[in-house]
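Me: Could you take me through one part of this structure up close, slowly and in plain words? Give me a bit of background on the whole thing too, please.

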Amino acid sequence: MTRRQALTVLLRSLSVSTLLALRHTGSIPRLFAAQVAPYVIPKYSGARMNHTPSSQQSANPYRLPQHVVPTHYDLRLEPDLTTFTFAGKETIVLTVREATSEIVFNAVDLQIAEGSIGNDAKVVHRGAIELEPSTERCRIRFATTLHPGTWKLDLSFTGVLNEKLRGFYRSTYKDAKGNTRPLAATQFEATDARRAFPCWDEPAFKASFAATLAIDPALTAVSNTPIVAERHEAGKKVVQFADTIRMSTYLVAFVVGELESTEPVFIGSTPLRVWSVPGKARLTPFALEIGAFSLKFFEQYYGIPYPSQKLDLLAIPDFASGAMENLGAITFRETALLVDRQTATHAEQERIADVVAHENAHMWFGDLVTMSWWNGLWLNEAFATFMEMAAVDAWKPEWQRWTTFGVSRAVAMSVDGLHSTRAIEYPVIAPKDADAMFDVLTYEKGASVLRMLEQYIGPDVFRDGVREYLRVHAYDNADTGDLWTALGHAAKQPIPDVMNGWIFKPGYPILIVKQDGDRLTIEQQRFTYLAQPLSTSGIEANQRWHVPVQMRILANGTSESRRLLVSEKRTQIPLPERFESVVLNEGGHGFYRVRYTPELLQRLVRLTPHGLAAIERFNIINDAWASTVAGLMPMTDYLDLTAQFKTDRDKNVWEIILGSLHTLNRIIDASDRPKLEALVRDRVGPAFEDLGWIPQEGESELTKQFRAEIIRALGILGNDQTVQRRATELYATPGSVDPNLLPAIIAILAHIGNDARYREYVQRFKQATTPQEERRYLYSLALYQPRELLQQTLMKSINGEIRTQDAPFMVRMVMASVYGRELAWDFVKQQWDTMDRLYPKNGLRRMCEGITGLATPELERDVRRFFEERKIDLGGKTLEQYLEQLRIGVTLRERDGKTLAHYLDRSANNTPGTIKLDNC
Ligand SMILES: [Zn+2]
């Protein structure tokens, strides 16, 4: 799955659209499951099940016993898009491993009418069905004993096409005439296949699936595999799909509606298509291009052909996450797949490239080889994130994807710097714990430590290890230990020694660097923002990591790179004569922070910008800001440091600086805001004076995006009236600006906007012609200052005007706004039950991230009281993490608020008013 991005620029992306249909019939051989790619060694099926006798099943009430396992599902579903219900029948081929009279599988929100079991002797037994809603399981008891061997379980059932964007659900969109049209789609990860059909809904119960859909003849159906037969029967179109490979239930997918597809692009023999609701064909070429490139890239990297027969990428108008890697039928939010290249920003295009590459990478990592249980989700998601970077970097080297990945790494480090963080591998018990695993630690920290390992053992060795891992575990499940084994063979060294500390332990180190005469001393300790944990769950004293360190030492006018594994608490290395300075984390691949002594830091800063790589400058400012928030660096030193970055022109470096200024904006008193605005103008002004409003010939995409970011910062956080006036003029003359600037201009106008502008934007949002345009106007509705306008935005988040896939993010944005936070928090308290009823799963969890912005002591107390009284659990450690982040914000205010106010007073006396007009 692709998470919604929750990076420093709060929130990106949303969507609108539909699907299309497979029309080829019969031309592709059935039973692809039997065709094992020549490079792949299938393993004994069920190898990961570790068959436990039924009498000694695990104490976890959510888990299934393993004495009966499925090998194949014949599944027929009949969705009705007028009544929003579905009926289903299935035959599951089972292996009974141990004599039993009882079968247990998963089912929830389904009515199961009858269940019977038979075998080759044609003996059929009816069973008594007992649903267990609290554990999402179903038990069938038979009057007779089922002996070990092969059995066939027949079930018939009905369900509802729900509105919660999970299981088998409904989506709606407006067609060209403005009529509302329905669509049915599935989202099964992590544990929602059980809402569409009874099944063994754990990733290790792999089986093949043969799906048949009976639908309205006017509609189209898409599933994981090609259509092998289509016939008409009792007024329905009956569409039969080829067997899948052996795979997990969470990867099964169906989409039914009025769908259109592009012509296929062939990658070898694999046809690749992009699907949407009708009328969006012009928005598909970009996704087709990156889809084709990345599929080819992965076939070469993994050394294994694409593991299915066809690949469809489908844009769904309502979709809870970013995208979902259903084998052969990947589903997306519209904003993550459909785009008009001419009008989209670099960031919007990069997002689509990332997501398409990510999902394609999953066809191997996740689909062909799957983690045994959700505690190992990182094997899917960290790898898909890592491979997404690798593919996009190969596709567009000028985008410098591995450098800009620094921002994602920084977000992971901010969560992993909490006492309430968790290890990348973390116990999962209930379904909601599985859902909580889809976070920055699994994705971004996971990908970061993989990148660190890749750089440590070498990219070719790493790739060879990955190939072995996929080859050995194809069509099966695997654990982290299996990956270490494969990488260890390739690297000819034990991997667990280095890596276990990063995967099985929470947190990461800060390396404290000092010069002691002719030696450099490096000390490691765990980095945390708060000195004391909030709870007794505490941190392990003296935690150590094996840190692969790459450093560059400058001495005597030359530089020398060195690599070492820092494993001890304290390490010393000799320095060359005439030592000048040292950069730790050269190249920026390490998942650790560095704290230099003030003198070493100053020597480095003197090298900026040209003497250090962008990622190295990024790390210096990012680590300095984290140290400031943690109370390790004085606030005034940090603010002085930002002045030394005025000459920097790297977008990511500025993302950190601007993010820090946004944080300060949340903790200052309103009366000090004009002084902070002046500071923003002082810091950002020189870059804007260099770049102006108009792109230069030959300018890079990154520079164009950077220009947009600084203009946005000046117009909003800097409250620069000249920039605001110019933005207003440019907005009034459409087509006059670089597309990268338009979202910034729209946001600035919202920031200063009145009721009339608000109404105009609502119309623009509703009539948008691309998913990106829709999203820009939608998100702008959270950026107004007047309370009554923000109140309207909040109401739209529960009255159906804003899709439920987007509504939680809108509320989160208003909570993050200094103009709307109290209002939004009151609204959340009042409307909690309504939101809980309306929003998709994970909606409340994502919305609640907004509480981290409520950084006043009074609001913090109220927030804690609310969650305690309501006994709310957001799954995993989510709520604990949000509350700790809130505590950090309040601590920063209490500790540094006065210092900050004095600093702003001093600097207000010598900073410019607004930007010079001649650059506009
Ligand atoms: Zn994913």
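Reply: Let's start with charge: the protein carries 106 positive and 110 negative side chains, and the centres of these two sets lie 1 Å apart. Keep in mind that you're looking at a predicted model.

Now the overall build. Counting up the secondary structure gives 25 helices and 29 strands. The radius of gyration is 28 Å, close to the 29 Å that the globule rule gives for 920 residues, so the protein is as compact as a globular protein of that length. If you follow the C-alpha trace along its principal axes, it spans about 90 × 65 × 55 Å. Of the 920 residues, 64% count as buried. The surface that the protein does expose comes to about 32400 Å², with carbon and sulfur atoms supplying 49% of it. And take the contacts with a separation of 6 or more: 74% of them are between residues 24 or more positions apart.

With that background, zoom in on the zinc ion. What holds it? Met1 coordinates it through both N and O, His358 and His362 each through NE2, and Glu381 through OE, at 1.9 to 2.6 Å. Read along the sequence, the spacing of these donor residues is M-x356-H-x3-H-x18-E. Met1 and His358 are a pair that links distant parts of the chain: Met1 belongs to the segment before β1 (68–80), His358 sits in helix α2 (residues 346–362), and 357 residues separate them. Are those two buried or exposed? Both Met1 and His358 are buried.

For another buried spot, try Asp648, in the loop between α12 (635–643) and α13 (651–667). Asp648 counts as buried because its relative accessibility is 1%, and the cut-off for buried is under 20%. Skipping residues up to four places away in sequence, Asp648 touches Pro609, Arg617, Val653, Trp654 and Phe706.

Thr71 gives you something to set beside that. You'll find Thr71 in strand β1. Its relative accessible area is 33%, so Thr71 is partly exposed. Look for Leu94 as well: Thr71 and Leu94 are 23 residues apart in sequence, and their C-alpha atoms are 5.8 Å apart in space. Once you set aside neighbours within four places in sequence, Thr71 is in contact with Val93, Thr95, Ala207 and Ser208.

Key
Residues numbered from 1 in each chain as written. Predicted model: local features only at pLDDT ≥ 70, side-chain atom pairs only at ≥ 80, totals over all residues. Heavy atoms only, no water. Donors = N, O, S within 2.8 Å, 3.2 Å for Na, K, Ca; no water. Helix = DSSP H or I, 4+ residues; strand = E, 2+ residues; numbered from the N terminus. Buried < 20%, exposed > 50% of the residue type's maximum accessible area, 1.4 Å probe, protein only. Contact = heavy atoms within 4.5 Å. Rg over C-alpha atoms; globule rule 2.2 N^0.38 Å. Areas by Shrake-Rupley, 256 points an atom, 1.4 Å probe, with all protein chains shown as cover. Lys, Arg positive; Asp, Glu negative; His and termini not counted. Charge placed at Lys NZ, Arg CZ, Asp CG, Glu CD.
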